Amino acid sequence: MIDLRSDTVTKPDERMRKAMYEAEVGDDVYGEDPTVNRLERLAAEVLGKESALFVTSGTQGNQIAGLVHCRQGQEVIMESQAHLFLYEAAAMSALAGVQIKTLKGTRGAMNPAEVEAAIRGADIHEPETGLITLENTHNKAGGAVLPLENMREIYEIAGKHHIPVHLDGARLFNAQAATGISVKEYAKYTDTVQFCLSKGLGAPVGSIIAGSDEFIKKARKWRKRLGGGLRQVGVIAAPGIIALENAERLKDDNANAKKLADGLLNIKGVAIDNEVQTNIILMNLSDSGIETTVFLEQLKENGIIAGGFGPGIVRYVTNNGVSEEDIDETLKVVQKIMSV
Ligand code: TLP
């Protein structure tokens with residue numbers, strides 16, 4: 001099967017499995033797992049932050065950020081199609097007790113002036129804005145890279161109002177691979193950042209959150225409270241170290257996505273909703289006369305799996321299990337389905 005559903009489907013390679021086998025471990029709740037400590041130091045360094053923490057998932061990392069930054073009754077500003085808003089089971093409201101204020105962005109980027117206008121709290125009737133979150137790359141906008149300048153402007157506005165900024169950087173390394181702007185440069189314009197080791201970077205489990213020493217100290221406590229304090233966890237942190245060393249490889253995923261998008265555009269009836277900058281393609285079937293579910297079934301019968309991503313939309317996500325030849329094969333199959 002050619003699996004283009006997500007970059008979460010990647011499996012650990014030989015090197016990662018060997019590293020897991022050989023990992024030095026200790027009790028991480030005591031801070032004694034040397035492999036986790038190494039991964040956290042490395043991640044903090046790569047991001048240019050004081051400290052980092054290994055967490056079980058991107059969702060857990062984002063939620064811990066909300067819990068540390070916010071108080072109950074506050075409001076969090078984010079883009080209207082943010083993963084945090086659409087796909088985390090309303091966790092920020094349920095756990096941190098905040099309400100979400102969404103702003104419609106352009107290719108995932110909120111307008112800084114609109115962000116400033118949305119900041120509230122002076123009036124007795126209003127909730128205080130406790131946090132602003134950004135997402136780079138932006139999943140629902142088709143892997144769109146947030147421009148650095150947009151992040152900088154929002155960060156400056158937030159600073160002026162003493163509001164922290166959190167970056168959901170699940171795929172921040174894909175942005176780096178696409179633009180050549182380092183993750184450290186992006187992370188300059190956010191107080192805290194979460195990135196996933198288990199997406200395109202290829203590790204089987206885990207995410208990192210990073211920020212100041214003080215933030216990570218509180219985050220560690222929240223992680224424990226949420227049941228995320230793990231013991232000899234070096235066995236799953238070890239592939240994370242290799243994942244970080246492999247970040248260059250994401251250029252291949254981005255190139256394969258571009259190739260797939262270019263090929264799809266030559267097929268009659270196919271439209272693509274996003275400008276493909278990284279590893280996500282949103283194919284729009286609304287005007288093709290084929291139902292998304294039927295299309296996905298036919299793909300599957302031909303050995304390819306992709307995902308539905310809203311009405312009429314098929315999402316393809318390139319990843320390290322997908323080769324250039326797989327892209328050729330996918331194009332052949334889509335051509336066949338669409339020509340019937
Ligand atoms: N995204 C998954 C699904 O949940 C949609 C995917 O297949 O794309 N932030 C962003 C931007 C994400 O895309 C995801 C996962 C997460 C956070 C959550 O990460 P996990 O799955 O590790 O909790």
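How many nonpolar, polar and charged residues does the lining of the largest pocket have? The first legend below gives the answer, and the others take you to the ligand and to a cavity. Please keep in mind as you look around that this is a predicted model.

**Figure 1. A look into the largest pocket, which holds about 320 Å³ of space.** The pocket is lined by 19 residues, and those closest to its centre are Gln81, Lys140, Ala141, Gly142 and Leu282. Sorted by class, the lining of this largest pocket has five nonpolar, eight polar and six charged residues. If you are looking for the ligand, turn to another view: the ligand sits in the second largest pocket.

**Figure 2. The ligand and the shell of 14 residues that surround it.** A good place to start is with the closest of these residues, which are Ser6, Gly58, Thr59, Asp168 and Arg171. Which helix gives the largest share of the shell around the ligand? That is helix α3, spanning residues 58–69, with three residues in the shell. By class, one residue of the shell is nonpolar, seven are polar and six are charged.

**Figure 3. Side chains that meet oxygen atoms of the ligand.** Begin with Arg171, one of the closest residues to the ligand. In its side chain, an N or O atom is 2.8 Å from an oxygen atom of the ligand. Next comes His83, where a polar side-chain atom lies 2.9 Å from a ligand oxygen atom. Arg315 also takes part, with a polar side-chain atom 2.9 Å from an oxygen atom of the ligand. On its own, the ligand has 510 Å² of accessible area, and the protein covers 82% of that.

**Figure 4. The largest cavity, with about 70 Å³ of space.** How many cavities of 30 Å³ or more are there? The count comes to one. Its lining is made up of 14 residues, and Glu79, Ala82, Thr133, Leu134 and Glu135 lie nearest the centre. Two elements give two or more residues each to this lining: strands β3 (75–79) and β5 (129–135).

**Figure 5. Strand β5 and the lining of the largest cavity.** Strand β5 supplies three residues, the largest share of the lining. What classes of residue line the largest cavity? Seven are nonpolar, four are polar and three are charged.

Terms used: Residues are numbered from 1 along each chain as its sequence is written. This is a predicted model: local features need pLDDT of at least 70, side-chain atom pairs count only at pLDDT 80 or more; totals for chains, interfaces and linings use all residues. Side-chain values use heavy atoms; hydrogens and water are left out. A residue is near a molecule or strand if one of its heavy atoms lies within 4 Å of it. A polar contact is a pair of N or O atoms within 3.5 Å; within protein, one must be able to donate a hydrogen and the other to accept it, and residues adjacent in sequence count only if both atoms are side-chain atoms. Accessible areas come from the Shrake-Rupley method with a 1.4 Å probe; for residues, only the protein chains shown count as cover. On a 1 Å grid over the protein atoms alone, a cavity is a set of points where a 1.4 Å probe fits but cannot get out, and a pocket is an open set with protein on both sides within 12 Å along at least five of seven lines; lining residues have an atom within 4 Å of a point. A molecule sits in a cavity or pocket if more than half of its atoms lie within 2 Å of its grid points. Helices (H or I, at least four residues) and strands (E, at least two) are DSSP runs, numbered from the N terminus. Ala, Val, Leu, Ile, Met, Phe, Trp, Tyr, Cys and Pro count as nonpolar, Asp, Glu, Lys and Arg as charged, and the others, Gly among them, as polar. Grid points are joined across faces, edges and corners, and a volume is the space filled by probe spheres set on the points.
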